[in-house]
Amino acid sequence: MTTKTFSFRILTPSGVTVSGDITQVQVMTYEGSIGIMAGHEPLTAACPAGIIRIEQHGAWVCFKSDEFILTVNRASATILTSTAQYAGTA
């Protein structure tokens with residue numbers, strides 16, 4: 001079975017922190033935890049500072065971020081934040 005991917009980016013004032021095709025992204029919103037996969041319904045969510053987990057090529061990678069805005073459409077997800085940095089693998 002082929003796993004569907006979608007386009008993902010983390011954007012900061014200094015540029016693109018990460019960009020590429022991923023299988024899933026997991027974040028904490030002010031309402032609770034959310035996981036996004038390819039084909040997800042469009043949404044916009046405000047999120048507290050914390051960890052952004054992405055699954056890419058079968059492995060989980062983490063980024064630490066300040067507060068951010070997550071925007072999703074069926075083909076992509078974008079995170080807008082003031083700072084984000086690599087935080088290791090999960």
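What follows is a short tutorial chat about reading a few features of this predicted model.

Q: Let's start with the sheet. How many strands form the open sheet, and in what order?

A: The general idea is that strands of a sheet pair through backbone hydrogen bonds, either parallel or antiparallel. Here, five strands make an open sheet, running S2-S1-S9-S8-S5, and the pairing is mixed.

Q: Which strands are the edge strands?

A: Look for strands that pair on one side only: here they're S2 (15-22) and S5. On average, neighbouring strands of this sheet are turned by 15° against each other, if you ignore direction.

Q: In what sense do S8 and S9 pair, and over how many bridges?

A: Those two go antiparallel, with six bridges between S8 and S9. To find your place there, look for Thr-71, which sits opposite Thr-78 in S9.

Q: Now salt bridges. Which residue forms a salt bridge with Arg-74?

A: To spot one, you look for a side-chain nitrogen of Lys or Arg within 4 Å of a carboxyl oxygen of Asp or Glu. Arg-74 has Glu-41 as its partner, and their closest N and O atoms are 2.8 Å apart. The pair ties together distant parts of the chain, 33 residues apart: Arg-74 is in the loop between S8 (68-73) and S9 (76-81), while Glu-41 is in the loop between S4 (32-37) and S5 (43-47). The count for this model is one salt bridge.

Q: Why does Arg-74 count as partly exposed?

A: The trick is to check relative accessibility: under 20% is buried, over 50% is exposed, and in between is partly exposed. Arg-74 comes out at 48%, so it gets the partly exposed label. Glu-41, at 47%, is partly exposed too.

Q: What about Ser-65: buried or exposed?

A: Ser-65 has a relative accessibility of 4%, so it counts as buried. You'll find Ser-65 in strand S7 (residues 59-65). Its side chain makes a polar contact with the side chain of Thr-81, at 3.0 Å. Leaving out residues up to four places away in sequence, Ser-65 touches several others, including Ala-49, Ile-52 and Thr-83.

Q: And which backbone atoms does the side chain of Thr-29 reach?

A: One is the backbone nitrogen of Glu-31, at 3.0 Å. Another is the backbone oxygen of Gly-32, which lies 2.7 Å from a polar atom of the Thr-29 side chain. Thr-29 belongs to strand S3 (residues 24-29), and its 12% relative accessibility makes it buried. Beyond its neighbours within four places in sequence, Thr-29 has contacts that include Ile-34, Cys-47 and Pro-48.

Notes. Residues numbered from 1 in each chain as written. Predicted model: local features only at pLDDT ≥ 70, side-chain atom pairs only at ≥ 80, totals over all residues. Heavy atoms only, no water. Helix = DSSP H or I, 4+ residues; strand = E, 2+ residues; numbered from the N terminus. Buried < 20%, exposed > 50% of the residue type's maximum accessible area, 1.4 Å probe, protein only. Pairing = 2+ DSSP bridges. Axes fitted to C-alpha atoms, helices over the stretch in contact; angles between N-to-C directions. Polar contact = N/O pair within 3.5 Å; in protein donor to acceptor, adjacent residues only side chain to side chain. Contact = heavy atoms within 4.5 Å.
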